[in-house]
Amino acid sequence: MITKIESADRGRAQFGWLDSHHTFSFGHYYDPKRMGWGPLRVINEDRVIPGAGFDTHGHKDMEIISYVLDGALEHKDSLGTGSVIRPGRLQRMTAGTGIRHSEYNHSKENPVHFLQIWVIPEAANLEPGYEEKEIARSDTGSGLSLIGSRTGRDGSITIHQDVDLYVAHLGEGETASHKIEPGRIAWVQVARGMLSVNGETLKAGDGAAIRDEDELIFSDATEAEALVFDMVA
């Protein structure tokens, strides 16, 4: 079963410096039917104007992943970590017992466009942590590249939850597939372009909740970039 959330049906927050679309309930946007999918709690698509950003604020008991699509995102946190994340790199912050951080557009000229993803961890009160890695476009034999996992296998970042995170880059005419083990669920978030998942067409900004499917077939792509979450139910 595939249930689609279309881009236009997402929540939205506009503050002049920020234009944010919320796939799930977040901030002032609340829908009791959209509180997440399995341990996946937040997918926000954020666009921040040059030089602006999120002032220092706190989080607790959450895995926070930043996936930059365009521009440069400047990160600072209470662990002493400072970094500028650009397309091709993936960031994971474990909030755990408590962490404070800021996220700013590093550029004074160009906007930054990124996905902010929250995953509920498998345990509370983890030690706060930070990890950043280059996204390796590894050949898994399926057309997908593993970029996040519970164990950090195959060079992926470590996510403290039973979640495998993949990215698919599919050009015109290219296809991919992914097996889902019994009892697990999936989520597909299209970041760019368009593709079909088991015959369901998804365009940029669309997401799809997937249950009771043993395989995902990605086809009919038009310069597509999509994140695929394979998760414990």
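Here are some friendly notes on this predicted model, point by point.

1. **The annotated region.** Let's start with what the record says. An unreviewed UniProt entry carries the annotation "domain: Pirin N-terminal", and this annotation covers residues 12-119. Over that stretch the chain is 57% strand and 0% helix. The C-alpha atoms at the two ends of residues 12-119 are 20 Å apart.

2. **The open sheet.** If you are tracing strands on screen, try this order: 2-3-4-11-6-9-12, which makes an open sheet of 7 strands with antiparallel pairing. Its edges are strand 2 (11-14) and strand 12 (129-134), each of which pairs on one side only. From one strand to the next, the twist averages 20°.

3. **One strand pair in detail.** Within that order, strand 3 (residues 18-22) and strand 4 (residues 40-48) run antiparallel and are joined by 5 bridges. For a landmark in this pairing, look for L18, which stands opposite V48 in strand 4.

4. **Aromatic pairs.** A search of the whole structure turns up 3 aromatic pairs. One of them brings together W17 and F54: the ring centres are 5.2 Å apart and the planes stand at 80°, so this pair is edge-to-face. The cut-off behind that label is an angle over 60 degrees. W17 and F54 also link distant parts of the chain, 37 residues apart. W17 lies in the loop between strand 2 and strand 3, while F54 belongs to strand 5 (residues 53-59).

5. **How open are the two rings' residues?** W17 has a relative accessible area of 27%, so W17 is partly exposed. F54 comes out at 18% and therefore counts as buried. The line between these two classes is drawn at 20%.

6. **Salt bridges, starting with a sequence neighbour pair.** The structure holds 18 salt bridges. Among them is the one between K60 and D61, where the closest N and O atoms are 3.0 Å apart. K60 is partly exposed, with 46% relative accessibility, and D61 is partly exposed too, at 21%.

7. **A salt bridge between distant parts of the chain.** R184 and D162 form a salt bridge with their closest N and O atoms 3.1 Å apart. This pair spans 22 residues: R184 sits in strand 17 (residues 184-197), and D162 in the loop between strand 14 (157-158) and strand 15 (163-170). R184 has a relative accessibility of 17%, so R184 counts as buried. D162, at 22%, counts as partly exposed.

8. **The network around that pair.** Which residues share a salt-bridge network with R184 and D162? E122, R150 and D230 do, and the salt bridges link them with R184 and D162. If you want to display this group, select these residues together.

9. **A buried acid with a partly exposed partner.** The side chains of D206 and K203 also meet in a salt bridge, 3.5 Å from N to O. Is D206 buried or exposed? D206 is buried, because its relative accessible area is 1%. K203, with a relative accessible area of 39%, is partly exposed.

Conventions:
Residues numbered from 1 in each chain as written. Predicted model: local features only at pLDDT ≥ 70, side-chain atom pairs only at ≥ 80, totals over all residues. Heavy atoms only, no water. Pairing = 2+ DSSP bridges. Helix = DSSP H or I, 4+ residues; strand = E, 2+ residues; numbered from the N terminus. Axes fitted to C-alpha atoms, helices over the stretch in contact; angles between N-to-C directions. Phe/Tyr/Trp six-rings, centres within 6.5 Å; stacked < 30°, edge-to-face > 60°. Buried < 20%, exposed > 50% of the residue type's maximum accessible area, 1.4 Å probe, protein only. UniProt positions renumbered as here; feature names shortened; annotations may be inferred. Salt bridge = Lys/Arg side-chain N within 4 Å of Asp/Glu carboxyl O.
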